[in-house]
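Me: Please take a close look at one part of this model, the part where the helices pack together, and set it in the context of the rest of the chain. I would like a connected account rather than a list.

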Amino acid sequence: MESISCPKCQGNKIVKSGIINEKQRYLCKNCNYFFTVAKIGKKIDDYYVTKALQLYLEGLSYREIERIIGVSHVSISNWIKSFNIKKPANTNYHPTYKILNHLELIEYIRVKDTLSGAGMIITELGDKFMVIKWERFKK
């Protein structure tokens with residue numbers, strides 16, 4: 001039999017406590033918490049969580065991140081809240097980003113004008129590359 005633990009306190013003093021909606025109900029003797037069998041949700045790879053958090057810190061919005069990595073903006077918002085991440089207050093820089101394949105990246109870097117006058121970071125994103133560039137706001 002599979003070992004069941006309490007989702008609230010992770011205790012293992014569990015007893016059966018009836019059936020609700022055709023699912024077995026359990027009671028944790030440690031914290032008196034009632035629960036049904038563990039919810040099996042869709043687990044998103046930590047790689048995408050890390051990328052989403054990096055992109056958020058670079059100044060991209062939830063919706064932009066959603067379009068780039070293909071994960072719901074609500075999930076991204078929940079990750080940011082759960083890791084207690086705050087966006088930097090400095091608004092003197094404006095990040096722009098491009099998604100490029102390998103050959104496009106080589107051509108992009110080859111042009112000197114794209115490299116000067118701004119900070120830039122290149123990160124892998126699946127089989128493509130993301131170029132994030134910070135340019136100072138013009139006044």
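Reply: Two strands are said to pair if DSSP finds at least two bridges between them. In this predicted model, strand 1 (residues 14-20) and strand 2 (residues 23-28) meet that condition with five bridges, and they pair in the antiparallel sense. Before turning to the helices, it is useful to place these strands in the chain as a whole, whose secondary structure comes to four helices and six strands. Along the sequence the pattern reads β-β-β-α-α-α-β-α-β-β.

The strands may be taken before the helices. Strand 1 and strand 2 form a hairpin with two residues between them, and in this turn asparagine 21 has a positive phi of about 50 degrees. Within the pairing, lysine 16 has tyrosine 26 of strand 2 as its bridge partner. Strand 2 is also joined to strand 3 by three bridges, again in an antiparallel arrangement, and here leucine 27 stands opposite phenylalanine 34 of strand 3. The result is an open sheet of three strands in the order 1-2-3. Strand 1 and strand 3 (34-36) stand at its edges, and because each has a single partner strand, one side of each is left without a neighbour in the sheet. On average, and with direction ignored, neighbouring strands of this sheet are turned by 35 degrees against each other.

The part you asked about can now be examined through the pairing of helix 1 (residues 46-57) with helix 3 (residues 73-82), which pack at an angle of about 80 degrees with their axes 10 Å apart. Since angles of 65 to 115 degrees count as roughly perpendicular, helix 1 is therefore roughly perpendicular to helix 3. On the side of helix 1 the contact is made by Tyr48, Val49, Ala52, Leu53 and Tyr56, and on the side of helix 3 by Ile76, Trp79 and Ile80. By class, this contact has eight nonpolar residues, with no polar and no charged ones.

Tryptophan 79 deserves separate attention. Leaving aside its neighbours within four places in sequence, tryptophan 79 is in contact with Tyr48, Val49, Ala52 and Leu53, and also with Ile44 and Val71. Tryptophan 79 is also listed, together with Leu55, Ile65, Ile68 and Ile69, among the residues with the most contacts inside the largest nonpolar core, which has 17 residues. Helix 1, helix 2 (62-69), helix 3 and strand 6 (128-136) each supply at least two residues of this core, and helix 1 gives the most, with five. In soluble globular proteins, nonpolar side chains tend to be buried together.

Isoleucine 69 offers a second view of the same core, this time from helix 2, in which isoleucine 69 lies. Buried here means under 20% relative accessible area, and isoleucine 69 is buried because its value is 11%. Not counting residues up to four places away in sequence, isoleucine 69 touches Tyr48, Ala52, Leu55 and Leu125. The C-alpha atoms of isoleucine 69 and alanine 52 are separated by 7.5 Å, although the two residues are 17 residues apart along the chain.

For the chain as a whole, 24% of the 139 residues count as buried. Among contacts between residues at least 6 apart in sequence, 46% join residues at least 24 apart.

Notes. Residues numbered from 1 in each chain as written. Predicted model: local features only at pLDDT ≥ 70, side-chain atom pairs only at ≥ 80, totals over all residues. Heavy atoms only, no water. Axes fitted to C-alpha atoms, helices over the stretch in contact; angles between N-to-C directions. Parallel < 35°, antiparallel > 145°, perpendicular 65-115°, else oblique. Contact = heavy atoms within 4.5 Å. Nonpolar A, V, L, I, M, F, W, Y, C, P; charged D, E, K, R; others polar. Core = buried A, V, L, I, M, F, W, Y, C linked by side-chain atoms within 4.5 Å. Buried < 20%, exposed > 50% of the residue type's maximum accessible area, 1.4 Å probe, protein only.
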